[in-house]
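Here is a short tour of a protein model, written for someone who would rather be at the bench. Keep the structure open while you read.

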Amino acid sequence: MPSSIRILTAVPICDGHDSAINTINLEFIRHGVEVIYLGYHRSVGDIVRAAIQEDVRAIGISSYNGGHIEFFAAVVDLLRKKGADDIKVFGGGGGTITHDDAATMRRKGVDEIFFAGTSLDDMVKFVHRRYGKPRTRRPRPKSFDQELGHKLSEIEERYAKGKRPTSNAQRSTSKSGARHQTSNIKHQTSRVIGFTGPGGAGKTTLIDELILRFLHRNPKGRIAILSHDPSVVGEGALLGDRATMINSQDDRVFMRSMATRGQAGGLSPATHDCLALLARSNFDYVIIETVGTGQEAMPFQKNGIVDSTVLVMNPDYGSRLQLQKIVMLDLADIVVVNKSDLQRARTAHTEIEQRLEQNRRHQQLVDTVAKRHRDSGVDRLFELISNRE
Ligand code: B12
């Protein structure tokens with residue numbers, strides 16, 4: 001199985017024109033490309049940081065704000081400065097980018113600009129032709145994040161080629177194994193927190209709010225996020241969690257997005273080894289977020305690689321009977337009822353509390369409104385996570 005092409009797409013700062021890139025993203029995904037979408041109103045620094053951490057082949061920028069010559073050139077320059085000019089830059093912007101502008105942009109290092117009227121098919125063909133071949137020589141990493149990005153890609157590629165993990169990775173397949181690993185990258189272990197729950201419960205927003213609290217509490221700390229979105233083997237995927245993240249666009253946050261590449265249960269075949277690498281890479285915490293999961297999912301059961309698990313629920317789960325079927329309610333250390341400003345949230349809290357009491361495991365139950373800044377429930381969750389050993 002050839003490994004998927006990974007590209008990052010974004011809309012520049014002071015620009016909210018995202019309907020073009022949303023259409024283009026879908027077309028890329030339909031043709032086997034894994035698209036990490038960063039969202040709109042994104043700065044040069046945010047785009048380059050994400051591209052290096054995600055170790056993408058190229059960055060596709062959709063620009064309508066009129067500042068395209070300067071913006072594209074600034075992205076190319078920062079990539080060069082960071083030693084990451086193996087990551088290429090291309091894009092478009094309908095009626096706003098003229099042919100003369102495009103010629104200037106190409107001279108400044110942009111690969112290609114697409115004009116109004118170009119077919120989606122032509123853009124897909126370009127991406128496959130230009131970025132589809134395996135990368136042969138990688139530049140020597142200039143930063144910790146770049147080195148880590150390369151190593152995570154190597155792990156994913158090994159799995160894509162159907163190869164077994166290296167002995168190093170195999171030794172890392174348990175939390176205790178990971179603790180005794182030595183590696184070029186690092187020497188210390190991190191606390192690993194697993195987040196799971198149904199799609200739309202607000203996991204990503206909640207994680208982003210926890211990151212904000214972490215960055216305030218630990219002025220020098222670093223945190224990693226390993227985030228998952230679903231995909232079928234050999235097909236594309238929209239890896240869109242970064243677009244929801246605001247506080248996590250920070251140099252002290254390392255984030256990597258993974259497609260599940262056909263594996264059921266919320267994680268990817270390569271997750272385990274990627275997580276083991278992150279866990280021994282000097283982060284204070286590593287947060288792992290599954291795809292939106294179903295009743296039967298128990299994504300963190302195998303191999304015991306997380307220290308704590310958090311199940312994030314939406315109050316609208318249906319009747320009380322549904323709670324009996326959610327396996328993670330037996331396994332999670334902390335259960336969160338997010339969106340607790342919704343009408344059904346009080347009932348949900350009572351029903352889930354009764355369900356957890358039956359387990360007799362002293363599981364914690366927290367109500368949050370992750371979308372609300374400075375939410376006291378998120379504060380409480382942060383303290384619970386920080387105080388857990
Ligand atoms: C739709 C639209 C809007 C929608 C945006 C909806 C949304 N969520 O995206 C709304 C109505 C909200 C809007 C608002 C505004 N807009 Co407006 N908008 C447009 C419009 C009509 C079409 C843009 C579009 O989506 N085209 C559809 C795409 C698919 O086609 P395309 O642009 O031709 O792109 C082709 C290629 O370039 C390529 N491509 C594009 N991006 C990328 C990226 C990659 C990676 C690749 C490979 C290819 C590629 O794909 C297409 C292939 O055929 C343009 C006019 C125009 N002709 O461009 C104005 C336009 C961009 N808007 C403009 C302005 C001024 C505004 C506002 C500031 C207006 C105001 N005063 O409020 C606001 C700003 C909003 C904001 N927050 O940024 C100006 C910008 C002028 C400038 N930069 O000098 C334009 C050019 C209109 C004009 N002639 O004045 N806008």
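## The ligand shell

By class, the shell around the ligand holds 9 nonpolar, 17 polar and 2 charged residues (Ala, Val, Leu, Ile, Met, Phe, Trp, Tyr, Cys and Pro count as nonpolar, Asp, Glu, Lys and Arg as charged, and the others, Gly among them, as polar). Bear in mind that this is a predicted model: local features need pLDDT of at least 70, side-chain atom pairs count only at pLDDT 80 or more, and totals for chains, interfaces and linings use all residues. Residues are numbered from 1 along each chain as its sequence is written.

In total, 28 residues surround the ligand, and the closest are G16, G60, G92, G94 and A116. A residue gets into this shell if its C-beta atom, placed from the backbone, lies within 6 Å of the ligand. Which elements give two or more residues to the shell? They are α1, β3 and β4, and α1 gives the most, with 5 residues. Helices (H or I, at least four residues) and strands (E, at least two) are DSSP runs, numbered from the N terminus.

## Two domains, two sheets

The domain assignment gives domain 1 (5–131) and domain 2 (191–387); such bounds come from an automatic or database domain assignment. Their centres, taken over C-alpha atoms, are separated by 30 Å. The contact takes 18 residues from domain 1 and 16 residues from domain 2, where contact means that the C-beta atoms of two residues, placed from the backbone, lie within 7 Å. On the domain 1 side, α1 (19–30), β2 and α2 each give two or more residues. That side divides into 8 nonpolar, 5 polar and 5 charged residues.

Now for the sheets. One is an open sheet of 6 strands in the order β5-β4-β3-β1-β2-β8, with parallel pairing (two strands pair if DSSP finds at least two bridges between them). β5 (112–114) and β8 (237–239) stand at the edges with a single partner strand each, so one side of each is left without a neighbour in the sheet. The twist averages 25 degrees from one strand to the next.

The other is an open sheet of 7 strands, also with parallel pairing, in the order β9-β7-β10-β6-β11-β12-β13. Its edges are β9 (253–259) and β13 (364–367), each with a single partner strand, so one side of each has no neighbour in the sheet. Here neighbouring strands are turned by 20 degrees against each other on average, direction ignored.

Two of the parallel pairs, side by side:

| Strand pair | Bridges | One bridge pair |
|---|---|---|
| β3 (58–62) and β4 (88–92) | 5 bridges | A58 and K88 |
| β6 (191–196) and β11 (308–313) | 4 bridges | F195 and V310 |

## Helices on top

Helix α2 (residues 44–54) lies across β1 (5–10), β2 (33–37) and β3, at about 165 degrees to β1. Axes are lines fitted to C-alpha atoms, for helices over the stretch in contact, and angles run from 0 to 180 degrees between N-to-C directions. Helix α3 (residues 68–81) lies across β3 and β4, running at about 165 degrees to β4.

α2 also packs with helix α6 (residues 144–160) at an angle of about 40 degrees, their axes 7 Å apart. That makes α2 oblique to α6 (angles under 35 degrees count as roughly parallel, over 145 as roughly antiparallel, 65 to 115 as roughly perpendicular and the rest as oblique). I52, Q53 and E54 of α2 meet D145, Q146 and G149 of α6.
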